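Q: I'm new to this one and I'd like to learn how to read it. Can we go through it together, feature by feature?

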Amino acid sequence: MTPFPVGAHVSSDIQSGISVDSDVRDRTVLVTGGAGFIGSHLARRLAGENEVRVLDDLTTGTADAVPDAVTLIEGNVTDRATVERAMSGVDIVFHQAAVVSVEESVADPPRSHRVNVDGTLTVLEAARDADARVVLASSAAVYGDPKSLPVTIDEPMTPRSPYGADKVAADAYARAYEATYGISVVALRYFNAYGPGQRGPYSGVIEAFLRRAVAGEPLTVHGDGAQTRDFIHVSDIVRANLAAATTDHTGTAYNIGTGESVTVNELAAIIGEETGGDTDVRHEAARPGDVRHSRAAADRARDQLGFEARVSLREGIEDLISRRNISDHGPATEGSITQGLPDSDDE
Ligand code: NAD
Ligand code: UD1
């Protein structure tokens, strides 16, 4: 059986799993949120060559996303004793656990603060004790509506949502821990991530649109659809994390995006074309807290981390569709999954 039956259009990065510029081997690593979308890809990539632990409370993640070779510690990142236990002997922690949805943070800001800010502080404290490097999942949401595009890391942080405010605090705390306590820290400001394994009601717009298009339902665009996003494939996000794990350029933040953006209307049209159907679009009220425009200046990550995104939006979407088509015709999971790239969840 071919390891991953996809069309010729899909780049070698997706076909062959994740090729990396910088490697992490023979380390003890902790991935918080490793049962979730990005964290599970990262844990899978690191497993085999490292001792990998995942700390996750399974609120949005699932135990079946955690590879067999990885130790799952079920617990909360805000619980100091649990985090200390998980961090014991750890060289590098990839801190992914968070309330990820802007909408959820708008509905319950104290909860997202507890997880996203208090949780990050708990991880930083434990990392300080263990002298572990911290690679933090920050976000483009820290910028809110930037004054100029593409957005550089020197742009003022003016978040538009409680989630964005949480990430400003987490990002600032992380960098302050290097300045104050000398532990190595890198904050990665991911732009909009997508790829196989994104799931749940707050899964992100690409997964939401694909689910609807495949079900023959209209795509729901919030607001006028002229808002823009820089969509980055999860395999590229994993590569950025690996680069951050070994770089000498720590104590700072990097934008992790492609440097390209599309409007939500353009995205709907691409998904309509790629799914080959007469996909209808329905406009709904704009979402509170929604950022208008977002596009990364990607040169700093390229120059200092040696990181550049490789998977184009079309390639990434075509890959997701081919996985769904395969799933429609029987089980595609066993033997058809490349390292680091589990199948989409079709819920
Ligand atoms: P996800 O929801 O799939 O993963 C988050 C994981 O954290 C889940 O497995 C969840 O169960 C776990 N978790 C939540 N609260 C927890 C807690 N209190 N204790 C322990 N575990 C907890 O989301 P994702 O898309 O994989 O996001 C990973 C990280 O990347 C997050 O920090 C998110 O803010 C950041 N990020 C994501 C995107 C994106 O587009 N998906 C963009 C920018 C930044
Ligand atoms: C996403 C991430 C967030 C991250 C940020 C970085 C998710 C769930 N959220 O937020 O963690 O920090 O990127 O930039 O991955 N939309 C529709 N119809 C839909 C769904 C969404 O029109 O059915 C619109 C939204 O209103 C928004 C855009 O699509 O304008 C993107 O939304 P979404 O995928 O939820 O991501 P962000 O809110 O940008």
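Q: Let's start with what surrounds a helix: what covers the buried residues of H2?
A: Keep in mind that this is a predicted model. The cover over the buried residues of H2 includes strands S1 (28-32), S2 (51-56), S4 (92-95), S5 (133-139) and S7 (192-194), along with helix H8 (234-246).

Q: And how many residues of H2 are buried?
A: Helix H2 spans residues 37-46, and 10 of its 10 residues are buried. Among them are Phe37, Ile38 and Leu42, but also His41, Arg44 and Arg45. Just past the helix, look for Gly48, which follows H2 and has a positive phi, near 100 degrees.

Q: How do I describe two helices that pack together?
A: Two packed helices are described by the angle between their axes and the distance between those axes. Here, try H3 (residues 80-87) against H5 (residues 109-130): the angle is about 40 degrees and the axes are 9 Å apart. That angle makes H3 oblique to H5. Their crossing is right-handed.

Q: Which residues of H3 and H5 meet?
A: From H3 come Arg80, Val83, Glu84 and Met87; from H5, Thr122, Val123, Ala126, Ala127, Asp129 and Ala130. Sorted by class, this contact has 6 nonpolar, 1 polar and 3 charged residues. Here's a handy idea: an α-helix has 3.6 residues a turn, so residues three or four places apart point the same way.

Q: Which residues come nearest to ligand 2?
A: Of the 21 residues around ligand 2, those are Ser139, Ala140, Gly204, Val205 and His222. Strand S8 gives the largest share of the shell, 3 residues. By class, the shell has 10 nonpolar, 8 polar and 3 charged residues.

Definitions and conventions:
Residues numbered from 1 in each chain as written. Chains lettered and ligands numbered in written order. Predicted model: local features only at pLDDT ≥ 70, side-chain atom pairs only at ≥ 80, totals over all residues. Near = placed C-beta within 6 Å. Helix = DSSP H or I, 4+ residues; strand = E, 2+ residues; numbered from the N terminus. Nonpolar A, V, L, I, M, F, W, Y, C, P; charged D, E, K, R; others polar. Axes fitted to C-alpha atoms, helices over the stretch in contact; angles between N-to-C directions. Parallel < 35°, antiparallel > 145°, perpendicular 65-115°, else oblique. Left-handed = near helix turned anticlockwise from the far one by under 90°. Contact = placed C-beta atoms within 7 Å. Buried ≥ 20, exposed ≤ 12 C-beta atoms within 10 Å, placed from the backbone.
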